[in-house]
2 protein chains.
Amino acid sequence: MDPTTRRHDATEAERLAAGGPPDTDAANATALRRISEVQPFLVDVRPAQEVADLAPDELLHAGPALTGWSEACGPLRGSVIGALLHLKLARSIAEASAMAEAGAVRLAPANDRGGLATYAGVIGGQTPVLVVKDRISGRLTFAALNEGRGRALRYGAYDKETLAKLGWIEGEFAEVLRRALQLSGGIDVLQLLAQALHMGDDGHSRQKAASALFANTLGPFLLETGCKEAARALRFLTQNEIFFLPITMAAAKNAMMAGEGIAGSTLVTSFAANGARFGIKVSACPGAWFTAPVPTIDGRYFEGHGPEEASPVIGDSEIAECFGLGAFAMAAAPALAPYVGGTPEQAVRLSTGMYAITLAEHPRFKVPSLSYRGTAFGVDARRVVAERIEPVFNTGIAHREPGVGQIGAGLGRVPLACFESALRALQGAQR
Amino acid sequence: MDPTTRRHDATEAERLAAGGPPDTDAANATALRRISEVQPFLVDVRPAQEVADLAPDELLHAGPALTGWSEACGPLRGSVIGALLHLKLARSIAEASAMAEAGAVRLAPANDRGGLATYAGVIGGQTPVLVVKDRISGRLTFAALNEGRGRALRYGAYDKETLAKLGWIEGEFAEVLRRALQLSGGIDVLQLLAQALHMGDDGHSRQKAASALFANTLGPFLLETGCKEAARALRFLTQNEIFFLPITMAAAKNAMMAGEGIAGSTLVTSFAANGARFGIKVSACPGAWFTAPVPTIDGRYFEGHGPEEASPVIGDSEIAECFGLGAFAMAAAPALAPYVGGTPEQAVRLSTGMYAITLAEHPRFKVPSLSYRGTAFGVDARRVVAERIEPVFNTGIAHREPGVGQIGAGLGRVPLACFESALRALQGAQR
């Protein structure tokens, strides 16, 4: 997994990398500045349809668009089936499957609506979502509430216990959380993440410190709601070590959106997978996805599971890496290494290897053990192609069959072909 | 501050180190095993006089016994004056000073009563203390509640605001905390510390993760007390990054006490300073202190302060280093380094340098970035003398005048003379 071990054929790469227009550096600087100026605060919990343009029969999923239900991977199928049962649109697994098969549900990328889906999780119009607002521009982004580790809809599980828990999370819990957030006046997401990186988090797969700090910050407000459900809500919050992940994602999405649409900019604004293809977005072409078949994940599997059971990778949470977190900040998270099947030394090599393909060091996310160096920040598609270093990311691994759930976690690389395809499109547009 | 840079004259050292009786290794193994078997849980908050043998005119302080008031350093004087005002035994600073001068207060080492004083803090009979209980033996140990950073009685401040805050902490807050602890059934201190070491804490000067985890663990129980003061209590708890320090200290004391009184054992069971002398205790001589003049602290001073204003070091919190935490675990806490005036690289060197003078690696406290190696644990007085490596510790620094407070933090070394003196006494006893 070392950056230096992934070399590709250079002939076309060199041609593509050399051909950037003269104003690309300035465009990238503008994009980076705009991203860095965003002040994302978690402000609310609301049904997705109040924040995004979302039809009643639509479900938002991770990654670029799918060609149809036939392309949906197992965990996504599980998640859609679970969502139909949860929303009481189907009475049985068989009925839910048949509905999905018959096209009663339209799938669309969350990423294109200002939202993000965690792993195979789906978001319907009624799904309560965490709403992040940029204090400067007012832009809203969103992601679904995290269910905790273990069996979860976002990993394709849809058993009764999973759905009962989800019912409580999206019902009673979401309402208490909403009231507490209103009392708090909003939570500064980056301030909290910056601290978490000094406390062993990477800001993607390890969210233990951020989740603890978030529960600390929100706890007194939960209490002040006076709701009788506050103790139960606080207990869930304090015991969910990954709760802060979708909050991080929505904040990262909000920031990266500020960098979209700068003519000539080769800055990458999204990493995401749909279980079939990995897609990236590039600033200069905000509407387009540049895709390649999903890469294989080098993973560590839970007891009793192995790579032959693994689903192809899916999820929008790799926005974290886009924003200088996750595998780009893994040097700050030595205790994460065993979870993704690596070592702390490898984590440092991987994170520092990313400086070769990024434009800057993150102004807020500093790694104490690297003399407080900012994390590698702002992936430049040109540099990826020129250096032939594929960006690294970490991720959970789900079982390939619907209804099972998470079976491990690991590391992957964003395919070089995505970046080559993006550069080709940019050069075409500029001709 | 590197271990290798502190070398002393070897002649007497070699003589002392060579003379250990043949059963010392077995005695040390017994002491270490007993220490490792302790299961310290935070169980209660009670007035100190209910836990310890403490006369009405006594105040417990850090370190070995003082010869009298004339030997008390500035911060300790400030703390005694503040305590007399706080307990309404004096109406003015002048009256409190005169009382102390006249011997109306008797000072005694907390360490000799099963308690510990943080920095220059003092504990009277009515002071509510955090009570830690060993689940196996039932042994109780205690330490005073932490007031938070900034101005605090434990650093010798006694202004109105400091005393008003202390009044609330030892009144309303202590009562809500007590009720919540009872509902919780007790908090497993080591389980929490082990996690905190994976989250950038050293278990002594940096307690940010442990305090956050503690607030999260206790938060739901605070709520369930139904007290109207619960929100205020939770807010104080979640905003006090050093709250867990006295809990750590009482747990470490509880564990180290289990290792006391093993004939022939050269294991060190306490490190503590009284502002004049640094003292250590050794297993084979549980009643005795082996002392030397306090060492100088290499510190980093807050804006506007410098070493010429520093008080000589005082405090019982170096029990943390005795127990494999603090500077012995600083490799786990890169973000602590700037606070104590060092670098993360130096922190790793200092922590790993301690393996040369310890008997074991801590079975619970693991450092992820050192491939999950246990921290250096169980200081052997023989090895300190033989290797001439003085144990390192970290500490806050107070202003030398009473009434000011903390002005910095830094690193110090436990004087070699303490260990030489202990070995001499052991050999004398065995002749």
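When I call a residue buried, I mean that its relative accessible area is under 20%. With that in mind, let me take you through this structure, which is a predicted model, beginning with one helix and ending at the interface.

The helix is α9 of chain B, residues 245–258, which has 14 residues and reaches 20 Å from its first C-alpha to its last, close to the 20 Å expected at 1.5 Å a residue. Of those 14 residues, 13 are buried, so α9(B) is largely enclosed by the rest of the structure.

In chain A, helix α9 likewise covers residues 245–258, and A:Asn254 lies within it. That asparagine counts as buried, at 0% relative accessibility. Leaving aside residues up to four places away in sequence, A:Asn254 touches A:Val38 and A:Val132, then A:Lys133 and A:Asp134, and finally A:Arg139, A:Leu140 and A:Thr141.

Let me turn now to the cysteines. How many disulfides does the structure hold over all chains? The count is zero, and B:Cys322 offers a case to look at, because its sulfur is 11 Å from the closest cysteine sulfur, that of B:Cys418, which is too far for a bond, given that a disulfide requires the two sulfur atoms to be within 2.5 Å. Seen from the other side, B:Cys418 is in no disulfide either, the nearest cysteine sulfur being that of B:Cys322. As for their surroundings, B:Cys322 is buried, with a relative accessible area of 0%, and B:Cys418 is buried, its relative accessible area being 0%.

That brings me to the interface, where 30 residues of chain A are in contact with 30 residues of chain B. Between them the two chains bury about 2500 Å², with 62% of that area on carbon and sulfur atoms. On the side of chain A, the residues A:Met199, A:Asn216 and A:Leu223 supply 24% of the area buried against chain B, more than any other three residues.

As for polar interactions, there are 11 residue pairs in polar contact across the interface of chain A and chain B, counting pairs with both residues at pLDDT 80 or more, and two salt bridges are found there. B:Arg235 forms a salt bridge with A:Glu224, in which the closest N and O atoms are 2.8 Å apart.

Which elements give two or more residues to the side of chain A that touches chain B? They are α7 (208–224), α8 (230–239) and α11 (344–353) of chain A, and α7(A) gives the most, with 11 residues.

Conventions. Residues are numbered from 1 along each chain as its sequence is written. Chains are lettered from A and ligands numbered from 1 in the order in which they are written. This is a predicted model: local features need pLDDT of at least 70, side-chain atom pairs count only at pLDDT 80 or more; totals for chains, interfaces and linings use all residues. Side-chain values use heavy atoms; hydrogens and water are left out. Helices (H or I, at least four residues) and strands (E, at least two) are DSSP runs, numbered from the N terminus. The expected span of a helix is 1.5 Å times one less than its number of residues. Buried means under 20% relative accessible area, exposed over 50%, partly exposed in between (1.4 Å probe, protein chains only). Contact means heavy atoms within 4.5 Å. Buried area is the accessible area (1.4 Å probe) that two parts lose on being put together, summed over both. A salt bridge is a side-chain nitrogen of Lys or Arg within 4 Å of a carboxyl oxygen of Asp or Glu. A polar contact is a pair of N or O atoms within 3.5 Å; within protein, one must be able to donate a hydrogen and the other to accept it, and residues adjacent in sequence count only if both atoms are side-chain atoms.
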